[in-house]
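Q: Could we go through this structure together, beginning with the overall picture and then turning to local detail?

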Amino acid sequence: MKTHDLKTVPPYFDDVAGGAKTFEVRRDDRGFAVGDVLRLREWAPVPGRGLGDYTGREVFRRVTYVLRDYPEVAEGFVVMGVKKASADDCLDCFSCGRMIDGHNPRCMCVEKCITCCDFERDVHE
């Protein structure tokens with residue numbers, strides 16, 4: 001299982017966060033697989049400049065299905081079915097890479113880790 005850190009632009013981010021969009025279409029350059037976690041971070045681009053910045057909003061989604069090498073999927077792309085990460089899922093700490101699970105994860109690093117619920121963060125003591 002891998003965790004993928006991905007940019008998502010505002011209208012699509014809102015649809016994923018709100019639950020209306022349960023799929024992702026991405027370049028197939030990361031070896032996406034069922035069971036992987038997508039850390040989708042809202043990215044606000046600056047029109048015409050090719051620049052932008054993260055807004056601070058993010059959601060976590062578990063990959064439930066992967067479709068590639070299908071005639072209607074452009075070569076080099078993948079379509080993934082996704083669902084909200086749940087309390088039964090285990091996610092990696094983005095700071096140290098250790099596996100954390102359950103509702104009260106603890107890790108020995110001093111940075112922030114993710115929990116298994118969207119929008120929640122666990123700040124280490």
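The exchange below covers confidence, fold, the helix, strand pairing, ring contacts and a few single residues.

Q: What kind of model is this, and how are the residues numbered?
A: This is a predicted model, in which local features need pLDDT of at least 70 and side-chain atom pairs count only at pLDDT 80 or more, while totals for chains, interfaces and linings use all residues. Residues are numbered from 1 along each chain as its sequence is written, and side-chain values use heavy atoms, with hydrogens and water left out.

Q: What does the pLDDT average over the chain?
A: The average is 76, and 68% of the residues score at least 70. Here pLDDT is the predictor's confidence in each residue, from 0 to 100.

Q: Which elements have the lowest and the highest mean pLDDT?
A: Strand S9 (residues 121–123) has the lowest mean, 36, and S2 has the highest, 97. Over residues 100–125 the pLDDT is below 50, although in the model this stretch has 68 contacts beyond near neighbours in sequence. A contact means heavy atoms within 4.5 Å.

Q: How many helices and strands are there, and in what order do they run?
A: The chain has 1 helix and 9 strands, and from the N terminus on the order is β-α-β-β-β-β-β-β-β-β. Helices (H or I, at least four residues) and strands (E, at least two) are DSSP runs, numbered from the N terminus.

Q: What share of the chain is buried?
A: Of its 125 residues, 36% count as buried. Buried means under 20% relative accessible area, exposed over 50%, and partly exposed in between, with a 1.4 Å probe and protein chains only. As for contacts with a separation of 6 or more, 52% of them join residues 24 or more positions apart.

Q: Turning to the helix, which residues of H1 are buried?
A: In H1 (residues 10–18) they are Phe-13, Val-16 and Ala-17. Viewed down the axis of H1, these buried residues fall within an arc of 95°, so they line one face of the helix. The arc is that of the directions from the helix axis to the C-beta atoms.

Q: Why would residues three or four places apart point the same way?
A: An α-helix has 3.6 residues a turn, so residues at that spacing point the same way.

Q: What does the buried side of H1 pack against, and what is on the face turned away?
A: The buried residues of H1 pack against strands S1 (3–8), S2 (23–27), S3 (37–46) and S4 (51–67). The face turned away from them carries the exposed residues Pro-11 and Gly-18. Gly-19, which follows H1, has a positive phi near 95°.

Q: Parallel or antiparallel: how do the strands pair?
A: S1 and S3 are parallel, over 6 bridges, with Asp-5 partnered by Arg-39 in S3. S3 and S4 are antiparallel, over 9 bridges, and Leu-40 has Val-59 in S4 as its bridge partner. Two strands pair if DSSP finds at least two bridges between them.

Q: What about the turn between S3 and S4?
A: The two strands form a hairpin with 4 residues between them, and Gly-48 in the turn has a positive phi of about 75°.

Q: Where does S5 fit in?
A: Strand S5 (residues 77–84) runs antiparallel to S2, joined by 5 bridges, and Phe-23 stands opposite Gly-81 in S5. S5 is also antiparallel to S4, through 6 bridges, one of the pairs being Leu-67 with Val-79.

Q: How many aromatic pairs does a search of the whole structure find?
A: The search finds 1 aromatic pair. The rings of Trp-43 and Tyr-54 have centres 4.9 Å apart and planes at 75°, so the pair is edge-to-face. Rings of Phe, Tyr and Trp (its six-membered ring) pair if their centres lie within 6.5 Å; planes under 30 degrees apart count as stacked, over 60 as edge-to-face and the rest as tilted.

Q: Buried or exposed: what are Trp-43 and Tyr-54?
A: Trp-43 counts as buried at 16% relative accessibility, whereas Tyr-54 counts as partly exposed at 30%.

Q: Which charged residues lie over a ring face?
A: Arg-41 lies over the face of Tyr-54, at 3.7 Å from the ring centre, and Lys-21 lies over that of Phe-23, at 5.2 Å. The criterion is NZ of Lys or CZ of Arg within 6 Å of the ring centre and within 35 degrees of the ring normal.

Q: What is the phi of Asp-69, and where does the residue lie?
A: Asp-69 has a positive phi of about 55° although it is not a glycine. Asp-69 lies in the loop between S4 and S5 and counts as exposed at 78% relative accessibility.
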